[in-house]
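Notebook open, coffee poured. I want to look at how one pair of helices packs, then step back to the whole chain.

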Amino acid sequence: MIEIRNVSKWYGHTQVLANASTHVAKGEVVVVCGPSGSGKSTLIKCVNGLEAFTQGTITVDGISVGDPKTDLPKLRARVGMVFQHFELFPHMNVLQNLALAQVKVLGRSQEEAATRGEALLDRVGLRAHAAKFPGQLSGGQQQRVAIARALAMDPICMLFDEPTSALDPEMIGEVLDVMVELAQEGMTMMCVTHEMGFARRVARRVVFMDHGEIVEDAPTGAFFDAPASARAKAFLSRILHH
Amino acid sequence: MNYHWNWGIFLEPVKSGDETYLDWLITGLGWTLAVSLTAWLLALTIGIAVGALRTTPSRLLVGLGNVWVELFRNVPLLVQMFLWFFVVPEFLPRDWSLWVKQEMPAKEFVTAAICLGLFTSARIAEQVRAGVGSLPRGQRDAALALGLTLPQAYRQVILPQALRIVIPPLTSEFMNVFKNSSVAFAIGVLELTFQARQMQEDSEQGIETYLAVTLLYFICAFTANRGMAWIEARTRVPGLIARSG
Amino acid sequence: MGEFDFSVWGPSLPFIRDGLLFTLRLTLVAMSGGIVIGTLLALARLSPIVPLARLAGAYVDLMRSIPLVLVILWFFLVIPYITGSPVGAETSAIITFTAFEAAFYCEIMRSGIQSVPRGQLNAAHALGLGRAQSMIHVILPQALRNMLPVLLTQTIVLFQDTSLVYAIGAKDMLKAADVVGKNYNRPVEMIVLSALIYFAICFSLSLAVKQLQKRVAIIR
């Protein structure tokens with residue numbers, strides 16, 4: 001589904017991605033982790049072309065992201081993305097947030113979009129909040145709406161960019177529950193996250209990044225039980241002992 | 001020097017005709033409103049477009065937007081009035097030039113409205129650019145990630161938010177338009193300041209004249225201010241102010 | 001396209017220079033006078049004496065809500081009644097701009113003073129400085145420094161606004177260009193020349209202010 005081959009990226013003279021290669025197969029959940037500044041957010045934003053990369057190729061469902069001829073909006077419409085800071089549109093209510101791209105991008109009617117939106121709000125347990133504005137919701141509720149918004153586009157895969165990092169601890173669970181359920185239904189997911197419990201439960205593989213490099217790309221069990229590199233060991237001991 | 005007050009002056013006829021001075025001031029107010037409102041609409045349309053262009057990833061568009069703003073910001077408005085009125089027609093093709101000089105209806109008004117509109121558009125562009133710049137970058141990413149094109153993202157997501165943010169500075173720009181429209185007297189638009197000078201010379205009751213005109217400008221500014229406050233209240237989004245960063 | 005003859009620029013230069021000198025004098029006097037009076041107004045607006053604060057506030061609001069051209073006409077009309085004899089357009093312009101700009105510099109200085117952390121005033125008091133001393137030696141220098149780019153930007157606006165003395169016929173640069181244009185029957189060329197001069201001066205000043213802005217960060 002997602003193929004990342006030898007991707008490098010420079011900002012001026014600083015290299016933020018160094019020859020990164022990995023893949024996410026259909027129905028697979030892959031967790032990307034690593035210390036801050038390791039390039040994991042940049043990598044996931046390259047997958048739907050929000051960030052340009054300097055070298056290498058990324059294909060999603062066979063379509064090359066870096067190819068200037070690719071219709072990026074069309075590709076992005078099929079790839080769901082969830083952001084660290086939710087990024088709901090604050091001037092629209094919850095249902096309007098869900099309907100916007102369905103109408104403008106997929107060409108669905110307002111009614112179709114609303115029906116689909118309400119069904120997804122039901123699923124994330126927020127049907128009652130459809131008429132509220134994002135500023136009136138808690139962080140956890142906003143992030144669930146953001147997930148519903150991405151799902152409303154019927155994506156072929158989902159990208160999560162640290163979806164729980166901006167949340168108060170008591171709200172992390174409600175968001176992870178939605179993500180776990182999604183994974184169990186067979187959604188293809190690439191998740192940048194530090195939630196190692198989530199990784200253990202649903203991830204097929206864990207990709208560990210540091211300084212723009214993919215240091216380790218291992219099946220989940222192997223990664224946690226016997227990390228191959230010293231950097232991954234150090235990272236794991238830091239993150240698990242907190 | 002002693003001043004001879006005459007508050008009845010407004011109802012007296014002007015020296016060279018059967019209008020009263022009040023008629024002059026009413027005409028003046030009419031042209032002030034016409035110039036200001038036309039200029040404001042022009043300024044909003046162009047200013048928002050130019051301001052938005054200055055935030056796009058295209059260096060060419062950003063550069064053009066910057067040139068636009070610098071051109072209009074660094075020449076006095078009065079000189080711009082003269083440029084539009086006397087100089088620009090000379091640079092048009094011969095037929096157009098003749099038409100503009102001889103046949104264009106309400107030439108002074110059209111020139112003043114265009115001039116003031118473009119002048120103000122540069123100032124609005126600056127506000128809009130700042131407004132867009134103050135939005136979190138993730139908003140643009142989120143819009144694009146949903147498959148919206150960049151123009152769609154601006155129309156649906158970025159500008160509706162940025163414009164709400166810039167309503168307070170736009171309010172003072174709107175009030176400035178009324179004040180700046182006074183410069184149009186210099187190219188012969190019969191607006192309030194033109195009429196004030198004319199009435200002062202004709203009636204020699206300068207203080208009454210200027211007091212009346214000052215009051216009228218006050219009313220314009222006040223109405224503009226209330227109007228924008230009404231728009232601000234109507235477009236307010238619940239919970240938006242509570243949201244930080 | 002009309003026919004242009006830019007050779008008129010040559011003989012116009014002495015007149016333009018004289019006009020520009022007046023424009024600059026007007027700008028500099030109104031700037032220094034405006035900053036001094038504006039600072040006093042700002043202190044008045046922030047003063048705990050309510051009537052004084054109100055009065056200063058009313059003056060500032062009045063000046064900021066009517067068109068500058070009208071203010072110029074007002075002063076030109078009223079000054080002779082106060083002084084008892086007619087004054088020239090130039091003198092009237094200098095008085096007008098100083099009084100008018102004071103209102104704008106006042107608002108800048110007010111936010112400048114408010115940008116200085118309260119702790120600075122406490123520290124000055126703790127050292128035994130009196131109210132006036134604290135203001136002069138501690139608060140105002142920091143306020144000025146913080147607001148320097150804004151003060152200079154306002155001065156560029158002022159420089160452009162001086163062209164409005166056209167309304168009372170004072171002999172500034174624009175007037176000089178106007179007169180030469182009429183005498184040589186080349187008004188278009190002279191308007192273009194004055195536009196170019198204004199642009200050259202204002203654009204380079206605004207570039208300089210941008211450079212300054214990069215170097216002087218507000219210290220809080």
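Started with handedness: H3(B) passes H5(B) in a right-handed crossing. I keep in mind that this is a predicted model.

Next I pulled up who touches whom. On the H3(B) side I found B:Leu77, B:Gln80, B:Met81, B:Trp84 and B:Phe85. H5(B) answers with B:Lys107, B:Glu108, B:Thr111, B:Ala112, B:Ile114, B:Cys115, B:Leu116, B:Leu118 and B:Phe119.

Then I sorted that contact by character. I got 10 nonpolar residues, 2 polar and 2 charged.

Geometry came after that. H3 covers residues 77-91 of chain B and H5 covers residues 107-133 of chain B. I noted that their axes come within 9 Å and cross at roughly 130°. How should I label the pair, then? Angles over 145 degrees would count as roughly antiparallel and 65 to 115 as roughly perpendicular, so H3(B) and H5(B) go down as oblique to each other.

Zoomed out to the fold. What is chain B built from? I counted 10 helices and 0 strands, so to speak a plain run of α-α-α-α-α-α-α-α-α-α from the N terminus on.

Checked the extent too: the C-alpha trace of chain B spans about 70 × 50 × 30 Å along its principal axes.

On burial, I see that 51% of the 245 residues of chain B count as buried. The exposed area of chain B is about 11,300 Å², with carbon and sulfur atoms supplying 65% of it.

Last lookup, on contacts in chain B with a separation of 6 or more: residues 24 or more positions apart account for 74% of them.

Terms used. Residues are numbered from 1 along each chain as its sequence is written. Chains are lettered from A and ligands numbered from 1 in the order in which they are written. This is a predicted model: local features need pLDDT of at least 70, side-chain atom pairs count only at pLDDT 80 or more; totals for chains, interfaces and linings use all residues. Side-chain values use heavy atoms; hydrogens and water are left out. Axes are lines fitted to C-alpha atoms, for helices over the stretch in contact, and angles run from 0 to 180 degrees between N-to-C directions. Helices (H or I, at least four residues) and strands (E, at least two) are DSSP runs, numbered from the N terminus. Angles under 35 degrees count as roughly parallel, over 145 as roughly antiparallel, 65 to 115 as roughly perpendicular and the rest as oblique. A crossing is left-handed if the near helix is turned anticlockwise from the far one by less than a right angle, and right-handed if clockwise. Contact means heavy atoms within 4.5 Å. Ala, Val, Leu, Ile, Met, Phe, Trp, Tyr, Cys and Pro count as nonpolar, Asp, Glu, Lys and Arg as charged, and the others, Gly among them, as polar. Buried means under 20% relative accessible area, exposed over 50%, partly exposed in between (1.4 Å probe, protein chains only). Accessible areas come from the Shrake-Rupley method with a 1.4 Å probe; for residues, only the protein chains shown count as cover.
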